[in-house]
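Let's take a walk through this protein together, one stretch at a time. Have the sequence and the model at hand as you read.

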Amino acid sequence: MDIFTQKRTLLWLVGVLAVMNIAVLGTLAWKEFSPKREPLVFPNKEYKDVSAILQKELNLDNNQAEQIKSLRNEFYEIEYQLAKLIRSERDSMNVEMFNVHSNDELIHHLARNVAENEYKLELLRYEQSKRLKAVCTPEQQVKFAELVKEIRDYFKPENQPVKR
């Protein structure tokens, strides 16, 4: 191959690579600046919130609905803090596990903390269920027990509408 053919081939190659780079950068910019959508499309906006489902299906009065909404908000605030703590401890544990010189005692301590916080989270869920049932009348409690299974199935990932 003579020098002119090599030069022409290299110019074509540089041109193709430049076009590919521009296309990739354009795609990334388009994805970054395109309008964000909600991750899942629910058939009915009011059903995004379980409190609305409970109010409708259990025929809750306004006082009961407010109590349930308040209990759920209180629960989620505590749950969020515990989940954040668990994630932080798991991250610390992962860093330590893959460290060149792992500290077994620290890893065991972090694992125990993760387990204890998971346990606290489960107890928190149990406490919330007791408090939610206390708001309901006996008839509502019977319906609530049936509804819990339906709600669980409704929010399973495989039962969600397709992302758009």
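A word on naming before we start: helices here are DSSP runs of at least four residues, numbered from the N terminus. Keep in mind, too, that you're looking at a predicted model. With that naming in hand, Asn59 is easy to place: this residue sits in the loop between α2 and α3 (62-97).

Now step back for the overall picture. The protein has 5 helices and 0 strands, so its elements, read from the N terminus, go α-α-α-α-α. Of its 164 residues, 22% are buried. Look at the contacts with a separation of 6 or more, and you'll find that 66% of them join residues 24 or more positions apart. The accessible surface adds up to about 13000 Å², and carbon and sulfur atoms hold 60% of that.

Start at helix α1, which covers residues 3-33 and includes Leu10. Leu10 counts as exposed because its relative accessible area is 52%, and the cut-off for exposed is over 50%. Leu10 also has company: together with Trp12, Leu13, Val16, Leu17 and Met20 it makes a nonpolar patch on the surface, with about 650 Å² of accessible area between them.

Move on to helix α2, residues 50-58, where Val50, Ser51, Ile53, Leu54 and Leu58 are buried. Which part of the helix do they line? Looking down the axis of α2, the buried residues fall within an arc of 160°, so they line one face of the helix. Right after α2 comes Asn59 again. Asn59 isn't a glycine, yet its phi is positive, at about 55°. With 63% relative accessibility, Asn59 is exposed.

Next, find the aromatic rings. How many aromatic pairs does a search of the whole structure find? The search turns up 1. The partners are Phe75 and Tyr76, and because their ring planes stand at 65°, with the centres 5.0 Å apart, the pair is edge-to-face. The two partners have their own levels of cover: Phe75 is buried, at 6% relative accessibility, while Tyr76 is partly exposed, at 38%.

Phe75 also leads us to helix α4 (residues 104-135), home of Gln128. Set aside neighbours within four places in sequence, and Gln128 touches Leu71, Arg72 and Phe75. Is Gln128 buried or exposed? Its relative accessible area is just 12%, so Gln128 is buried, the limit for that being under 20%.

Finally, follow the charges. Side chains of opposite charge can pair when their charged atoms come close. This protein has 5 salt bridges. One of them joins the side chains of Arg90 and Glu118, at 3.1 Å from N to O. That pair ties together distant parts of the chain, since Arg90 belongs to helix α3 and Glu118 to helix α4, 28 residues apart. Both ends are partly exposed, Arg90 at 40% and Glu118 at 25%.

Other bridges stay inside α4. Arg125 pairs with Glu122, their closest N and O atoms lying 2.5 Å apart, and the two are 3 residues apart in α4, about one turn of the helix. Lys130 and Glu127 form another bridge, at 3.6 Å from N to O; they too sit 3 residues apart in α4, so about one helical turn separates them. To finish, look for Glu79: along with Glu122 and Arg125, it belongs to a network of salt bridges.

Conventions. Residues are numbered from 1 along each chain as its sequence is written. This is a predicted model: local features need pLDDT of at least 70, side-chain atom pairs count only at pLDDT 80 or more; totals for chains, interfaces and linings use all residues. Side-chain values use heavy atoms; hydrogens and water are left out. Patches are made of residues with over 30% relative accessible area and no salt bridge: like charges are joined within 9 Å, nonpolar side chains (Val, Leu, Ile, Met, Phe, Trp, Tyr) within 5 Å. Accessible areas come from the Shrake-Rupley method with a 1.4 Å probe; for residues, only the protein chains shown count as cover. A salt bridge is a side-chain nitrogen of Lys or Arg within 4 Å of a carboxyl oxygen of Asp or Glu. Buried means under 20% relative accessible area, exposed over 50%, partly exposed in between (1.4 Å probe, protein chains only). The arc is that of the directions from the helix axis to the C-beta atoms. Contact means heavy atoms within 4.5 Å. Rings of Phe, Tyr and Trp (its six-membered ring) pair if their centres lie within 6.5 Å; planes under 30 degrees apart count as stacked, over 60 as edge-to-face and the rest as tilted.
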